[in-house]
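Q: Please take a close look at the backbone of one loop in this chain. Then work outwards from there to the other parts that deserve attention.

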Amino acid sequence: MSAPVDPTSTSAWSRLTAARDSFTPDLRGWFAGDPARVERMTHTLGDLHVDLSKNLVTDDILASLVQLAEETGVAERYADMIRGGHVNTTEDRAVLHTALRRPAGASPELVVDGQHVDTDVHEVLDRLSAFAQGVRAGEWRGVTGKKVTHVVNIGIGGSDLGPVMVYEALKPLADAGIEARFVSNIDPTDVAQKTEGLDPETTLFIVASKTFTTLETLTNARLARDWLWARLAATGAIDDTDAARTDAVAHHFVAVSTALDKVADFGIDPSNAFGFWDWVGGRYSVGSAIGLSLAITLGPDAFRELLAGFHVVDEHVASTPLERNVPVLMGLLNVWYTNFLGAQSHAVLPYAQQLHRFPAYLQQLTMESNGKSVRWDGTPVTTDTGEVFWGEPGTNGQHAFYQLIHQGTRLIPADFIAFAQPAYPLEDDGRDVHGLFLANFLAQTKALAFGKTAEEVEAEGTTGALVAARTFPGNRPTTSIFGPALTPSVLGQLIALYEHITFTQGTIWGINSFDQWGVELGKQLALQIAPAIEGDAEALQAQDASTKSLLAYYRSQRP
Ligand code: F6P
């Protein structure tokens with residue numbers, strides 16, 4: 001891997017700095033003086049209509065940003081990534097989530113490090129589809145011969161957030177009478193509440209863990225296994241023998257992992273396990289077998305449609321010139337806001353209740369990827385990196401935090417995501433409720449862009465100090481991402497869009513977006529502190545004063 005280009009040393013950076021120094025954003029003026037702005041800055045990405053016109057950029061600034069992508073080699077690094085280059089330098093791995101969604105028979109065949117990637121991907125996908133179909137059709141049965149009605153995915157991070165986000169987004173398509181639940185937190189509340197009301201005879205647990213070493217997931221899997229055994233034994237469905245318990249696990253536990261040996265150690269038959277590969281990062285893994293819960297609940301066809309949606313965007317990124325390449329442009333806008341206009345966070349505001357977990361999903365995708373201070377060659381980054389991504393679905397956010405976006409002192413670029421067709425076309429007194437919902441999306445992006453001047457406020461009869469309070473400065477940047485309907489394909493497109501935005505930013509900053517060493521220290525310390533929680537004097541003694549004091553409080557209050 002070649003050394004990263006220092007973005008601050010490029011001529012594009014100098015041009016952008018000069019542009020920033022004399023920059024006065026003026027969306028009102030730009031719109032009034034340039035009737036073609038919207039058309040020029042609106043792009044089609046698969047089924048998505050992406051309007052960038054309400055961003056704080058001129059054509060010149062956009063051109064400089066595109067030049068920055070050229071000078072930092074975004075297109076070249078993407079090409080390297082999708083053909084299997086080891087762009088994950090700290091783990092010396094290829095990064096091939098894009099291979100998960102290549103169609104069967106894609107040409108030329110992808111062979112990486114001696115592995116026939118396309119063949120392996122489709123072998124697992126076919127096996128997963130057949131398994132999912134068997135569960136849906138009632139061919140796979142529980143230990144007492146009953147059809148599965150609930151799947152419980154046990155995983156965390158990428159082994160949870162992707163599946164739960166997609167499930168929530170596409171739940172209206174769940175058509176096989178099978179509901180999914182998701183257990184992630186090691187807080188025992190999670191497993192206790194998620195198993196509440198379940199019938200053990202009709203529940204299938206999926207233990208989803210890339211490494212199969214994650215403390216939370218393995219603990220929860222053991223708790224779920226105990227729950228299964230206890231509940232089955234309580235009703236007399238199984239007797240109290242090892243053989244009966246092993247049989248119960250065989251009928252009620254499957255696994256998804258890259259570590260199939262560890263799956264077997266847990267007691268899950270490897271023939272009930274679905275593999276993937278170390279070149280799929282956890283937060284990029286929803287298109288791998290990690291999506292098993294989706295293939296079961298939504299159906300294998302919907303799952304393949306999701307993958308096809310991802311592929312549309314992968315192809316777009318690979319084949320579209322940078323100046324029209326939507327994920328690249330959106331990544332560049334984020335760089336503009338972060339490095340030149342001082343933005344520290346980025347809001348993602350879906351006008352689709354079904355996407356209520358999308359901001360949480362994006363938090364892992366973007367922040368675990370680009371929350372780094374060193375570059376892929378180990379040298380320090382040369383500029384700020386990694387915004388805080390956050391958000392909630394509209395219109396709930398409007399009644400909570402939009403005040404700060406509209407009138408606060410901080411610049412918060414926001415992505416608005418909406419769909420023309422509702423999943424539930426309900427009417428209120430003859431009025432289309434979804435239309436009303438979308439009117440809010442349009443109103444908010446308009447208010448943020450154009451604001452309301454003091455003169456306009458006064459013209460409404462407001463006087464005195466209230467004028468300032470009721471004035472909206474405008475020039476608050478937004479991107480509108482509009483789709484026809486939230487179908488599996490459209491959702492795949494949306495996810496891939498953000499994956500490649502993240503990649504673009506990471507490349508410009510010189511970051512390896514595919515490792516996550518920053519989560520390791522906390523994991524190690526938790527293991528060291530665990531004995532102190534149990535009262536181990538030596539472990540307690542080894543702690544710092546604050547941790548000791550917190551432990552003392554805990555021990556005084558524990559049940
Ligand atoms: O939080 C760190 C992390 O490694 C994530 O990147 C990953 O998605 C998550 O833990 C779960 O890991 P695994 O799938 O190996 O259990």
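**From one loop outwards**

A: P108 sits in the loop that runs between α5 and β3 (111-112). Helices here are DSSP runs of H or I of at least four residues, strands are runs of E of at least two, and both are numbered from the N terminus. The peptide bond leading from S107 into P108 is cis, with omega near -5 degrees. The model is a predicted one, in which local features need pLDDT of at least 70, side-chain atom pairs count only at pLDDT 80 or more, and totals for chains, interfaces and linings use all residues. Residue numbers start from 1 along each chain as its sequence is written.

On the other side of β3, D113 is found in the loop between β3 and β4 (115-116). Its phi is near 50 degrees, a positive value in a residue other than glycine. D113 counts as exposed because it has 10 C-beta neighbours inside 10 Å; the cut-off for exposed is 12 or fewer other C-beta atoms within 10 Å, for buried 20 or more, with partly exposed in between, and C-beta atoms are placed from the backbone.

F212 also has a positive phi, about 55 degrees, although it is not a glycine. This residue belongs to the loop between β7 (203-208) and α9 (215-234). Where D113 is exposed, F212 is buried, because 25 other C-beta atoms lie within 10 Å.

A second cis peptide bond joins G394 and T395, where omega is about 5 degrees. T395 lies in the loop between β11 and α16. H399 is found in that loop too, between β11 (388-390) and α16 (402-407), and H399 is exposed because it has 10 other C-beta atoms within 10 Å.

H399 leads to the annotated positions. In UniProt, an unreviewed entry gives the annotation "active site" to E368, H399 and K523. These positions are spread over 156 residues of sequence and are also spread in space, with up to 36.9 Å between C-alpha atoms. UniProt positions are given in the numbering used here, feature names are shortened, and annotations may be inferred rather than shown by experiment. E368 has its place in helix α15 (residues 358-370). With 22 other C-beta atoms within 10 Å, E368 is therefore buried. Leaving aside residues up to four places away in sequence, E368 touches R283 and Q516 (contact: C-beta atoms, placed from the backbone, within 7 Å).

The ligand has 14 residues around it, and G157, G158, S209, T214 and G282 come nearest (near: C-beta atom, placed from the backbone, within 6 Å). By class, this shell has two nonpolar, nine polar and three charged residues. Ala, Val, Leu, Ile, Met, Phe, Trp, Tyr, Cys and Pro count as nonpolar, Asp, Glu, Lys and Arg as charged, and the others, Gly among them, as polar.

Two helices can be set side by side. Helix α13 (residues 300-319) has 20 residues and reaches 28 Å from its first C-alpha to its last, close to the 28 Å expected at 1.5 Å a residue (expected span: 1.5 Å times one less than the number of residues). Its buried residues are A302, F303, L306, L307, G309, F310, H311, V313, D314, H316 and V317. They pack against β1 (42-45), α5 (74-82), α7 (161-170), α12 (292-297), α14 (326-340) and α20 (488-509). Helix α23 (residues 545-557) should span 18 Å because it has 13 residues at 1.5 Å a residue, and its end C-alpha atoms, 19 Å apart, agree with this. By contrast with the buried residues listed for α13, the count of buried residues in α23 is zero, so that helix is hardly covered.

The domain assignment, whose bounds are automatic or taken from a database, gives domain 1 (7-72 + 320-515), domain 2 (111-300) and domain 3 (520-557). The centres of domain 2 and domain 3, taken over C-alpha atoms, are separated by 33 Å.

Two residue pairs give further distances. L442 lies in helix α17 (residues 433-450) and counts as partly exposed because it has 14 C-beta neighbours inside 10 Å. L442 and F416 are 26 residues apart along the chain, and their C-alpha atoms are separated by 9.2 Å. A36 lies in the loop between α2 (27-33) and α3 (37-40) and is exposed because 8 other C-beta atoms lie within 10 Å. Between the C-alpha atoms of A36 and D265, 229 residues apart along the chain, there are 63 Å.

Conventions: Two residues are in contact if their C-beta atoms, placed from the backbone, lie within 7 Å.
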